[in-house]
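User: Hi! Could you walk me through the empty spaces and the ligand site of this protein?

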Amino acid sequence: MDAILVTGNGPLSGKIPIAGAKNAALALMPATLLSEEPLTLTNAPRLSDIKTMSDLLRSLGSEVTSLNDDLVLALSSQNLDNLTADYDIVRKMRASNLVLGPMLARAGQAVVSLPGGCAIGARPMDIHITALEALGAKIDLKDGYLHARAPAKGLIGARHEMRFASVGATENFVMAATLANGTSQLVNAAREPEIVDLVECLRKMGAQIEGEGSPVITIQGVDRLHGATHPVVSDRIELGTYMLVPAIAGGEVELVGGRMNLVTAFCEKLDEAGIDVSETANGLRVKRRNGAVKSVDVKTEVFPGFPTDLQAQMMALMCAAQGVSSLEETIFENRFMHAPELMRMGANIEVHGGTARVSGVENLKGAPVMATDLRASVSLILAGLAAKGETLVSRVYHLDRGYEKLEQKLQAVGAKIERVAGK
Ligand code: EPZ
């Protein structure tokens, strides 16, 4: 397995381009199942998760073609000849569960493996199940698979309030409701930019939806959806991750394609920590205000709060900040796997349940560390940029799921970083 070798190399400056959002693309791709006409996605991210989703859709009978150096995905689902999403694909990527809603709406049935646990938590499917049952679906669990069936005349529009604003359950419900009979209303809907992007694409396909980005989304079912072309929204988590490069290492970096309104809560915390973020003609420019980084307290929340997907990266910054910070993780039950690895680099972290207390240290020291999940692994890379000496991050297949050309993007701003063949 490959590893990445990072050597602390002082302040970093230059430009980093931001790609299309992984978590938007993984919801947009299954939308192809809702129509017999072609769906074209541009600004697609080039990531292993996208290839996994492509393989899954192909296994169901969709055609998925990558064009223009994988920046364009051409999808077409004229006839679905398999309605089962196999465990061996779903266990690799939880987002595979996003074929459930569209398959139910289009084909009236679906068999989708439960994803199984992952490093950051149990990640059950109960919110997805109750949401789709509200539309009239019958869903049974058998041999680790969800067996779902719509009523003979199709799903039935309904009002449903979710117990928690689940991103995936919102996406499954909204996609299913586009073809339901009648009107549906989802209350306590997730408000993430990736939901807004999905709705904008569905609307181009002929769906009648209002309220995206607010806690209440209303969907008027239609008989069929047609094809569309849609650009994937910019990746706010990749953006936030790379905004921390000049914060943790010093220097000044422009994030090309970044938009402030995608990372508002995150920017408020950076401002508190003494990091300046300004809008440029092409994106965002980030640098320390006056040399020091101050410790700040962080609590992850659903959008528009501080994103859980940036918690690990923020912890890396706090390890090298001046003072003591508290990071409270409220979305996942086990998302501090990066803490023991950061401690191998000299970080001072105490984890008590869902809260980590971080006392900033003068210098992090390079060390061999292990990636455990996507965002934990990139937090180790960030720490390595600031550490004295060499940091070898192993199991970087986690990284390749969510960060395209990571070494090249960091080399472009002066980082000493390379991929080495695993031991
Ligand atoms: C999406 O996952 C993202 N993935 C995650 O990003 C992100 O961390 C998460 O939203 C929260 O923002 C994609 O969009 C592909 P949830 P999702 O349903 O939809 C619990 C990354 O690093 N829950 O909002 O799976 C669940 O266990 C990934 O890019 C239930 O209990 O997240 C978790 O604790 C990681 N029952 C919380 O809700 C359910 O039926 C949030 O889950 C569903 C979820």
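User: Which residues line the largest cavity?

Analyst: Happy to help: this is a predicted model, where local features need pLDDT of at least 70, side-chain atom pairs count only at pLDDT 80 or more, and totals for chains, interfaces and linings use all residues. Residues are numbered from 1 along each chain as its sequence is written, and side-chain values use heavy atoms, with hydrogens and water left out. On a 1 Å grid over the protein atoms alone, a cavity is a set of points where a 1.4 Å probe fits but cannot get out, and lining residues have an atom within 4 Å of a point. The lining consists of A21, K22, N23, E194, D235, R236, I237 and R375.

User: Which helices and domains supply that lining of the largest cavity?

Analyst: Domain 1 (3-19 + 234-420) and domain 2 (22-231) each give at least three residues to the lining of the largest cavity; such bounds come from an automatic or database domain assignment. Helices here are DSSP runs (H or I, at least four residues) and strands are E runs of at least two, numbered from the N terminus. At least two lining residues come from each of α1 and α8.

User: What is the volume of the largest cavity?

Analyst: A search of the whole structure turns up 1 cavity of 30 Å³ or more. Volume means the space filled by probe spheres set on the grid points, which are joined across faces, edges and corners. For the largest cavity that comes to about 30 Å³.

User: How many residues surround the ligand, and which are the closest?

Analyst: A residue is near the ligand if one of its heavy atoms lies within 4 Å of it. The shell has 9 nonpolar, 5 polar and 8 charged residues, where Ala, Val, Leu, Ile, Met, Phe, Trp, Tyr, Cys and Pro are nonpolar, Asp, Glu, Lys and Arg charged, and the others, Gly among them, polar. In total 22 residues surround the ligand, the closest being I127, S166, D309, I331 and R375.

User: Which element gives the largest share of the shell around the ligand?

Analyst: Four helices each supply at least two residues of the shell: α1 (22-28), α5 (126-134), α6 (167-177) and α12 (374-386). The largest share, 3 residues, belongs to α5.

User: How far is an oxygen atom of the ligand from a polar backbone atom of I331?

Analyst: A polar contact is a pair of N or O atoms within 3.5 Å. An oxygen atom of the ligand sits 2.9 Å from an N or O atom in the side chain of K22, and a ligand oxygen lies 3.4 Å from a polar backbone atom of M125. For I331, the distance from a ligand oxygen to a polar backbone atom is 2.5 Å.

User: How many residues line the second largest pocket, and which lie nearest its centre?

Analyst: A pocket is an open set of grid points with protein on both sides within 12 Å along at least five of seven lines. The second largest one holds about 370 Å³ of space. Its lining has 21 residues, and nearest its centre are I248, R288, A320, E362 and N363.

User: Where is the cis peptide bond?

Analyst: Most peptide bonds are trans. P304 belongs to the loop between β18 (298-299) and α10 (311-319). With omega of about 15°, the cis bond joins F303 and P304.

Conventions. A polar contact is a pair of N or O atoms within 3.5 Å; within protein, one must be able to donate a hydrogen and the other to accept it, and residues adjacent in sequence count only if both atoms are side-chain atoms.
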